[in-house]
Amino acid sequence: SSLVGATRSSAATMGAVADAFKLLFACAGIFASFSYFAVLQEDVYKKEYGGSDKVKGEKFAFTFLALTAERGINAAIALLGMAVLGGSGIKIPHKEIFN
């Protein structure tokens, strides 16, 4: 009986460690993705466009457009993921939150 309990406890601990590792891996991937995107986006703002040897080019100045496009693409990919993989199953109590 105590051996069965110890085995269950060990399995639960291993499951918790595996879940913690998955969470850590996911967070690291998200952080790396956003960091890489930030470096690419910085290049867009530093570079001059439309210039020549004699005429200075213009720098990108449409930050709101870039942010709106980025957020729209993020939302579309999230909706696609939810459609393909399904939601989390968590029910959010909207009425209790917003009333």
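**Salt bridges, ring pairs and surface residues**

With a relative accessible area of 66%, K56 counts as exposed (over 50%, where under 20% is buried and the range in between is partly exposed, with a 1.4 Å probe and protein chains only). The model is a predicted one, in which local features need pLDDT of at least 70 and side-chain atom pairs count only at pLDDT 80 or more, while totals for chains, interfaces and linings use all residues. Residue numbers start from 1 along each chain as its sequence is written, and side-chain values rest on heavy atoms, without hydrogens or water.

K56 is a good place to begin, since its side chain takes part in a salt bridge with E48 (a side-chain nitrogen of Lys or Arg within 4 Å of a carboxyl oxygen of Asp or Glu). The closest N and O atoms of this pair are 3.9 Å apart. E48, the acidic partner, is partly exposed at 34% relative accessibility, whereas K56 is exposed. The search of the whole structure returns three salt bridges.

Another of these bridges joins the side chains of E42 and K46, with an N to O distance of 3.2 Å. Both residues belong to helix α1, which covers residues 2-46 (helices are DSSP runs of H or I with at least four residues, strands are runs of E with at least two, and both are numbered from the N terminus). Because E42 and K46 are four residues apart in this helix, about one helical turn separates them. The relative accessibility of E42 is 41%, so this residue is partly exposed; K46, at 54%, falls into the exposed class.

The bridge between R71 and E70 has an N to O distance of 2.9 Å. The side chains of these two residues are also joined by a polar contact of 2.9 Å (N or O atoms within 3.5 Å; within protein, one able to donate a hydrogen and the other to accept it, with sequence neighbours counted only if both atoms are side-chain atoms). The two partners fall into separate accessibility classes: R71 is partly exposed at 49%, but E70 is buried at 13%. E70 is placed in helix α2. Leaving aside residues up to four places away in sequence, E70 touches F34, F37 and Q41 (contact being heavy atoms within 4.5 Å).

Helix α2 also holds L85, which offers a handy contrast to E70. L85 is exposed, with 73% relative accessibility, while E70 is buried at 13%. The C-alpha atoms of L85 and E70 are 22 Å apart in space, and the two residues are 15 places apart in sequence.

Turning to the rings, the count comes to three aromatic pairs (centres of Phe, Tyr or six-membered Trp rings within 6.5 Å; planes under 30 degrees apart are stacked, over 60 edge-to-face, and the rest tilted). One of them is formed by Y45 and F60, with ring centres 5.5 Å apart and planes at 70 degrees, so the arrangement is edge-to-face. Y45 lies in helix α1, and F60 lies in the loop between β2 (58-59) and α2, so this pair ties together parts that are 15 residues apart in sequence. Both rings belong to partly exposed residues, Y45 at 24% relative accessibility and F60 at 27%. F60 pairs with F62 as well, again edge-to-face, at 5.9 Å from centre to centre and 75 degrees between the planes. F62 is exposed at 56%. Through these ring pairs, Y45, F60 and F62 are linked into a cluster.

Further along the chain, I90, I92, I97 and F98 make up a nonpolar surface patch (residues with over 30% relative accessible area and no salt bridge, with like charges joined within 9 Å and nonpolar side chains, namely Val, Leu, Ile, Met, Phe, Trp and Tyr, within 5 Å). Together, the four residues have about 490 Å² of accessible area (Shrake-Rupley method, 1.4 Å probe, with only the protein chains shown as cover for residues). I92, one of the patch members, sits in the loop between α2 and α3 and is exposed at 53% relative accessibility. P93 occupies the loop between α2 (63-85) and α3 (94-98). With a relative accessible area of 40%, P93 is partly exposed. The C-alpha atoms of P93 and A75 are separated by 21 Å, for residues 18 places apart along the chain.
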